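Here's an informal walk through one model, helix by helix and contact by contact. Have a look at the sequence and the fold before reading on.

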Amino acid sequence: MSGSGSSVNTAVMFVCKSIRPRDEGDTEENRDVIAMRMRRCVVTAVTLSLLLFLSSLWLPQGTVQSCEESWRPCLNVFTPNREVVRAAVTDAADDDALGGNDIIRECAGQQFQVSRLLLHLSSALGPASDVLLEPYLLCWEELIKFMESLGPLVGFFTHKVEEKITLIRQLSLEESTIFMTEDAQRVAPPPHHSHAYHSVRSMLEAELQRGVVSFDSQTPSGSRTLLRLHRSLLWLQLLLEKLVTEPEGRSMGELCRDAYLEVLAPHHPWLVQRAAELVFHAMPDRKVFLQLVCVRTQEEAEPVIHVIVAAIQEIHRRTQRELEIRNMLDLP
């Protein structure tokens, strides 16, 4: 980072060093020249600083520390030995929607695996149309691998997603600590599903009852954080749908931009929208997506995409309903 910062300083100094004209006279013409050069210097400095910020989002963040010991966001939250247990109760329709094992293949030598994503999506389907939180977060960790495979600048999105995963996990960890203390004083501990951060429904309901959620101001609640993940999941769903329905001549960046403008842009400030444009311009060719799902042609990719979209739609539908009945779709 120090080398990058030095480069930015050098570039800005190069642009700004000749702000004053050679003629030192205090004439109106010289004042106009100085004002024009000053504006150019400021624009250059802001642009270079923004580019430096975007590139820093995907640089290594030092050593890996536990979420409890570090004040920094936990950017490496995936632990390979985390156990995933499929929900004991699912609807028959869900099993049909999340099928497709006969057309999903393992892709050797790459981090993102469609089969692993589908496993997490299936495991997140809880009883009574609920969504289990831990498998849901594991879905996002797999989707992060997918997004990072599209190029380093996509770290602009994945960095924020990782922060949100970390926040919900931290809230769950704090809740577990309280439960462990209380369980030690009980003869018969309560069932696991009484944990407030066990599922989407239990988290939303618990935070409402505790007054953690604010409908007027931003709060670091799990409910508000989930809403942001929920919107981003719809963005990815729309992107995948467009990869099937849009002509092959349209680029990955164009499809990402269309989905972004439809779902996320209305919730982002102007500066974030402009930064997103830089990311979309840097997107790779659509052939990269075919490689990620281990197919060679668009025709082979379509049934795989249909399976992924159907699985994401079910998770999104359940989460949407839980947020909607509590009027949480517009939390600030």
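Let's start with helix α8, residues 222-245: at 1.5 Å a residue its 24 residues should span 34 Å, and the end C-alpha atoms are indeed 34 Å apart, so expectation and model agree. The expected span here is 1.5 Å times one less than the number of residues. As for its surroundings, 21 of the 24 residues of α8 are buried, so the helix is largely enclosed by the rest of the structure. Buried means under 20% relative accessible area, exposed means over 50%, and partly exposed is in between (1.4 Å probe, protein chains only).

A word on where this comes from: this is a predicted model, in which local features need pLDDT of at least 70 and side-chain atom pairs count only at pLDDT 80 or more, while totals for chains, interfaces and linings use all residues. Residues are numbered from 1 along each chain as its sequence is written, and side-chain values use heavy atoms, with hydrogens and water left out.

**The whole chain**

What does the secondary structure of the protein chain come to? It's 12 helices and zero strands, where helices (H or I, at least four residues) and strands (E, at least two) are DSSP runs numbered from the N terminus. Of the 332 residues in the protein chain, 44% are buried. Taking contacts with a separation of 6 or more, 71% are between residues 24 or more positions apart; contact means heavy atoms within 4.5 Å. The accessible surface of the chain is about 17900 Å², with 56% of that belonging to carbon and sulfur atoms. Those areas come from the Shrake-Rupley method with a 1.4 Å probe, and for residues only the protein chains shown count as cover.

**Just ahead of α8**

Threonine 219 sits in the loop between α7 (200-210) and α8. With a relative accessibility of 19%, threonine 219 counts as buried. Its side chain reaches the backbone oxygen of valine 212 at 3.5 Å. Setting aside neighbours within four places in sequence, threonine 219 is in contact with Val212, Val213, Ser214 and Arg224.

**Salt bridges**

The structure holds 17 salt bridges, each one a side-chain nitrogen of Lys or Arg within 4 Å of a carboxyl oxygen of Asp or Glu. Three of them are set out here, with the closest N to O distance.

| Acidic residue | Basic residue | N to O distance |
|---|---|---|
| Glutamate 246 | Arginine 250 | 3.2 Å |
| Glutamate 254 | Arginine 250 | 3.8 Å |
| Glutamate 314 | Arginine 317 | 2.7 Å |

Arginine 250 has a salt bridge to glutamate 246 and another to glutamate 254. Arginine 250 is partly exposed at 23% relative accessible area, glutamate 246 is partly exposed at 24%, and glutamate 254 is partly exposed at 30%.

Why are glutamate 314 and arginine 317 separated by about one helical turn? Because they are three residues apart in helix α12. An α-helix has 3.6 residues a turn, so residues three or four places apart point the same way. Glutamate 314 is buried, with a relative accessible area of 13%, whereas arginine 317 is partly exposed at 43%.

There's also a network of salt bridges, which links Arg201, Glu205, Arg321, Glu322 and Arg326.

**Aromatic rings**

The structure has three aromatic pairs. Rings of Phe, Tyr and Trp (its six-membered ring) pair if their centres lie within 6.5 Å; planes under 30 degrees apart count as stacked, over 60 as edge-to-face and the rest as tilted. One such pair is phenylalanine 112 with phenylalanine 146: the ring centres are 5.3 Å apart and the planes are at 50°, so the pair is tilted. This pair links distant parts of the chain, as phenylalanine 112 is in the loop between α3 (92-97) and α4, phenylalanine 146 is in helix α5, and the two are 34 residues apart. Phenylalanine 112 is buried at 3% relative accessible area, and phenylalanine 146 is buried at 4%. Phe112, Phe146 and Phe289 form one aromatic cluster.

**Two positive phi values**

Most residues other than glycine have a negative phi. Serine 129 has a positive phi, near 60°; this residue is found in the loop between α4 (114-123) and α5 (133-148) and is partly exposed at 26%. Cysteine 294 also has a positive phi near 60°. Cysteine 294 lies in the loop between α11 (287-292) and α12 (298-324), and is partly exposed with a relative accessible area of 23%.

Conventions. A polar contact is a pair of N or O atoms within 3.5 Å; within protein, one must be able to donate a hydrogen and the other to accept it, and residues adjacent in sequence count only if both atoms are side-chain atoms.
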